[in-house]
Amino acid sequence: MQASMRRFVDFSGVLRAAALALLMGFPLWAAAQAAPAPDGPIRFGILPLGGAFESRSDWDPLLAELSRAINRPVSVLSVNSYEALEHAIQRDEVDMAFLSGKMALDAVTQRRMKVVAQVVRHDGLPGYRALLLSRKAPPFNSLKNMLDQPERWRLARGEKQSVSGFIVPQLQLFLPNHIAMETRFRSEIVGTHQANALAVANSEADVATNNTADFERFKLRFPAETERLQVLWESDLIPHAQIVVRREYTPELRKRVQAFLTGYGRAKGPRGDAERVVLKSLHDLAGFVAADNSSLQPAAKLAYQLAKQNAMTAQWVNDAAREARLQRIESGYAEQVGVLKDVTP
C-alpha cells in the first residue's frame, strides 16, 4: 500500500548514457548535439515555477525583447516538470534555458551548454534558502516530532533535480538524521513548490519542501493559505539560478545574449520601469549579472556531497563495493570541476 502511494522518476536511461560516455573515455559533455539552424528560432526552456502557462506568460515580454535585441526569433518551451525539461534538453530541443543549480550543472557538463548569466533578487543576497513548511496546528507542527517519527507524516517534495525541493533538504537535514526522504515518510507527493505548499495548507500533506523565493511569491498569491503555514526549518544559502546557452552558438551571439540580460531593467525612465515590472513578475528578480561556468561550482559540490553521503549510508554487499562507488563519485566530481573551469566566452 505504502509503495503504491509513491511516485518515482526513472533516470536509468540517463545513467546508462553517462556510464557509456565514461566507459568510452569521453567527458560527459562530449556527446554529439545537432547543430542549431543558423537562422532558426532560439528555443528557450523554462523551469516550472508555478505552472507551465504561468511560467510562459511571465517570461514572454522579456523574450520578445531578447528576440529584437539579437535579431533572432525566440520560441518558448514551458513544461510542467523538471523531468520534462530535462528530457527536452537531452533531445536537443532546447538552445537556451533558465535552470537551477543541478539542472544547469547537468546541462553544462553533459549537454554542451555554457552559463552566460545568473539572476539576482531584490533582497541583495547571493542566494536563497530551502525551507520545510508545515501547518501551524498540531500535531504535525514540530520539527522534532517529524524527525522522531517521519513514518507518521505525509511529505510533499520537489523532483530529485530540484536543489531546494530535494537535494539540499536531503543533504543538510534528512540524511544527517538518518532519514531518506523517498522511503521513510507515510506517503509522498512530488510536485512544484506552489502545489506542495497548497497540499500542506489544504491538509493533503503534512510537510513540504519549498524555498524562500517561492514562498514569498506564494504569500502574495495565496494569503489565506499562507496563514495556515509555518516554517519548520531553513537551509544554508543556495546560489541563484543561471541562464545557459548552447556552445554551438557563436561567442558573438552568446555575448549579445549576455549583454541584453545584464542590461535588462537597468535603464532609467519609462522603458526601464516597464522592464523592472517584468522582472518583478519573474520571481521578484532585480535583474541578471554576467556569469560563467565557474558559478556552478557550488552546485557541483552539493551534488558531490549528496552522492557521497548516500554512498556512506547505503547498504553494500562488502566494503570493496562501497569503496568502488566512492572512487567513482570522486572521479566524477573531479571531471565536473574540470569542465567548470572553462570560463571562455
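Is D106 buried or exposed? With a relative accessible area of 10%, D106 is buried, since anything under 20% falls in that class. Keep in mind that this is a predicted model, so what follows describes a prediction. D106 has its place in helix α4. Leave aside the neighbours within four places in sequence, and D106 is in contact with E86 and R111.

Helix α4 is a handy place to start the tour. Two packed helices are described by the angle between their axes and the distance between the axes. Take α4, residues 101-110, and α13, residues 297-313: they pack at an angle of about 100°, and their axes are 9 Å apart. That makes α4 and α13 roughly perpendicular to each other, because angles from 65 to 115 degrees count that way. On the α4 side the contact is made by G101, K102 and L105, and on the α13 side by A299, A300 and A303.

Now look at α4 together with helix α14, which covers residues 319-340. Here the axes come within 10 Å and cross at roughly 80°, so α4 and α14 are also roughly perpendicular to each other. The residues that meet are L105, V108 and T109 in α4 and Q336, V339 and L340 in α14. L105 turns up again here: it belongs to the α4 residues that touch α13 and to those that meet α14.

Let's step back to the whole chain for a moment. There are 14 helices and eleven strands. Of the 345 residues, 49% count as buried. Among contacts with a separation of 6 or more, 77% come from residues 24 or more positions apart. The chain exposes about 15,900 Å², and carbon and sulfur atoms supply 56% of that area.

What about the nonpolar interior? The largest nonpolar core has 53 residues, and W59, L62, L99, I243 and F288 touch the most other members. W59 is worth a closer look: not counting residues up to four places away in sequence, W59 touches F44, I46, F98, I243, L282 and F288. Apart from this core lies another one, of 24 residues, with L171, L173, L175 and L306 among them.

Right beside W59 in sequence is D58, which lies in helix α2, residues 52-70. D58 is buried, at a relative accessible area of 13%. Which side chain does the side chain of D58 make a polar contact with? The partner is R217, at 2.6 Å. If you skip residues up to four places away in sequence, D58 touches R217, R221, V278, S281 and L282. L282 links this spot to the previous one, as it is touched by D58 and also by W59.

Following R217 takes us to helix α9, residues 212-221, where A213, D214, F215, R217 and F218 are buried. So the contact between D58 and R217 pairs two buried residues, given D58's accessibility of 13% and R217's place among the buried residues of α9. The N-terminal end of α9 is capped by N211: one of its side-chain oxygens lies 3.0 Å from the backbone nitrogen of A213.

Helix α8, residues 193-201, comes earlier in the chain, and seven of its nine residues are buried, so α8 is largely enclosed by the rest of the structure. The buried ones are H193, N196, A197, L198, A199, V200 and A201. Just after α8, S203 takes a positive phi of about 65°.

That brings us to the backbone. Most residues other than glycine have a negative phi, and most peptide bonds are trans. D92 goes the other way, with a positive phi near 60°. D92 is found in the loop between α3 (82-90) and β3 (96-99), and at 16% relative accessibility D92 counts as buried. H178 also has a positive phi, of about 60°, and is not a glycine. This residue is found in the loop between α6 (163-174) and α7 (181-184). H178 is exposed, though, with a relative accessible area of 65%.

Where is the cis peptide bond to be found? It joins P138 and P139, and omega is about 10°. P139 is found in the loop between β5 (127-135) and α5 (143-148).

Conventions:
Residues numbered from 1 in each chain as written. Predicted model: local features only at pLDDT ≥ 70, side-chain atom pairs only at ≥ 80, totals over all residues. Heavy atoms only, no water. Helix = DSSP H or I, 4+ residues; strand = E, 2+ residues; numbered from the N terminus. Buried < 20%, exposed > 50% of the residue type's maximum accessible area, 1.4 Å probe, protein only. Polar contact = N/O pair within 3.5 Å; in protein donor to acceptor, adjacent residues only side chain to side chain. Contact = heavy atoms within 4.5 Å. Areas by Shrake-Rupley, 256 points an atom, 1.4 Å probe, with all protein chains shown as cover. Core = buried A, V, L, I, M, F, W, Y, C linked by side-chain atoms within 4.5 Å. Axes fitted to C-alpha atoms, helices over the stretch in contact; angles between N-to-C directions. Parallel < 35°, antiparallel > 145°, perpendicular 65-115°, else oblique.
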